[in-house]
Amino acid sequence: MADTHEEQLLSDLLRDIAREDARLDAARLEALVLESASLHASAAARRSKAWMLLPVVAAILAAVALSVRPKPQTTSAESAAPARTDATEVVASPPRQTVAARRSPVEPGRPNRVRREDAVREPIAESPVANVPVVSQPVAQSPVTDSPIEFVPLVPITEQELSGPFQIVRVQMPNAALGTLRSPLEHPNELVEADVLLGEDGRARAIRVNTNGSIYPWRPR
Amino acid sequence: MSMTTEPSDPELLDRMAAGDREALAIIFRRHQGTVYRFSRQMLGSKEAAEDVTQDVFVALTRAAGRFNPSVASLSTYLYGIARNLVLQRYKRNRSRLEVNIDAIAAEDSAELATSSDPADSISRDEMTRQLRRAILRLPVHYREVVVLCELNGLSYEEAATVAGCPIGTVRSRLNRARQMLIARCRALMNAERAETMPEAEVGKRWLILTKNNC
């Protein structure tokens with residue numbers, strides 16, 4: 001236990017230290033502090049301006065997203081035109097690995113959704129990219145047969161993308177545009193009908209054509 | 001002759017919040033010494049104390065609106081900001097001590113002599129140096145009450161506001177801190193004397209100095 005002498009000495013020494021330290025100051029920091037505060041104020045002003053721009057950026061992004069979104073199919077004969085796909089997105093690739101897709105009748109007024117298990121599972125690693133002009137003429141909606149016709153993947157599909165949802169868009173395209181899917185030398189100008197599997201982003205994921213000339217046997221070619 | 005009154009701290013803060021740079025400069029000149037002293041006494045390093053001082057005033061520019069003059073004075077508020085920054089720094093650098101005792105002693109001991117006896121003066125210098133060292137080695141919650149109440153003259157109530165604890169806690173921490181300082185000074189003095197003094201003198205020196213100084 002400290003005695004009173006030690007207590008008194010401690011108090012005296014603490015007073016000495018306090019007296020010495022009273023001389024300490026940081027006046028030389030004034031310019032630095034003022035500069036830091038100014039920088040902070042201008043940074044805060046920039047941040048507030050950035051927040052004001054946020055709605056504008058959001059509107060631009062929304063407009064872009066809407067412009068790339070595929071149109072759903074409709075029921076009436078006039079408006080049965082399939083959603084147009086970007087010609088550069090349709091890529092003909094050799095049918096190395098394909099998976100049979102289950103078919104379901106197309107319901108009028110509803111886009112033909114493909115479930116995860118129906119989607120193409122095996123991507124083709126090497127897809128020769130070719131710009132394919134997609135045709136022009138819309139095809140009237142017709143029921144899909146139950147015959148097992150295979151989808152050929154156009155681009156590698158990740159596991160995440162398999163969760164869909166997908167849309168099937170029916171298009172007519174020149175035989176020559178199908179590349180190695182069909183022989184281009186055989187009636188190159190002939191129009192064939194094909195179903196294009198579109199992902200949520202509107203990009204073509206896979207395609208199927210009738211290997212016998214038409215996937216619609218009741219329609220004469 | 002016209003009398004001009006100094007603007008009060010709350011007035012200056014209002015002006016500062018409105019972007020008045022001069023108001024910040026006046027506040028800085030008025031309170032920088034307080035903040036710097038506290039930071040330096042807590043951290044023991046000139047560089048670290050300057051960093052903290054700068055950060056305190058930059059933080060004040062950000063949070064000027066939070067200051068409530070009815071709760072505490074601006075200096076108490078600034079002590080609170082400085083304390084938080086010091087504690088953050090202390091936690092971050094717990095592994096390495098930012099203390100340069102010798103630099104402090106060399107810089108600050110010039111006017112220490114209070115006795116006409118040179119030998120006594122040297123002893124007192126040494127004791128002050130040892131005491132500074134002992135303060136910096138106190139646990140941080142004990143150190144802060146010593147720095148606030150003993151070295152900066154805050155009342156128990158003000159120290160309690162800064163430390164965010166009851167007044168009774170400040171009192172008990174201060175009492176305990178004083179006991180620790182006495183014990184540590186005694187031990188440090190003994191250890192140092194053991195290297196330079198005959199063995200018979202070791203352990204007696206603190207006691208002799210104590211008696212002579214009272």
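Is Gly44(B) buried or exposed? In this predicted model, Gly44(B) counts as buried, at 2% relative accessibility. The residue sits in a loop of chain B, between α2 (21-43) and α3 (46-62). Its C-alpha lies 8.7 Å from that of Arg132(B). Along the sequence, Gly44(B) and Arg132(B) are 88 residues apart.

The setting is chain B as a whole. Chain B holds ten helices and zero strands. Its pattern, read along the sequence, is α-α-α-α-α-α-α-α-α-α. The chain has 214 residues, and 49% of them are buried. Contacts were also sorted by separation in sequence. Of the chain B contacts between residues at least 6 apart in sequence, 63% join residues at least 24 apart. The accessible surface of chain B is about 10800 Å². Carbon and sulfur atoms account for 49% of that surface.

The cysteines were examined next. Across all chains, the count of disulfides is zero. A disulfide requires two cysteine sulfur atoms within 2.5 Å. For Cys149(B), the closest cysteine sulfur belongs to Cys165(B), and the gap is 9.4 Å. Cys149(B) therefore forms no disulfide, because that distance is too far for a bond. The search from Cys165(B) leads back to Cys149(B), again at 9.4 Å and too far for a bond. Both side chains belong to buried residues: Cys149(B) has a relative accessible area of 10%, and Cys165(B) has one of 15%. Each value falls under the 20% cut-off for buried residues.

Technical notes. Residues numbered from 1 in each chain as written. Chains lettered and ligands numbered in written order. Predicted model: local features only at pLDDT ≥ 70, side-chain atom pairs only at ≥ 80, totals over all residues. Heavy atoms only, no water. Buried < 20%, exposed > 50% of the residue type's maximum accessible area, 1.4 Å probe, protein only. Helix = DSSP H or I, 4+ residues; strand = E, 2+ residues; numbered from the N terminus. Contact = heavy atoms within 4.5 Å. Areas by Shrake-Rupley, 256 points an atom, 1.4 Å probe, with all protein chains shown as cover.
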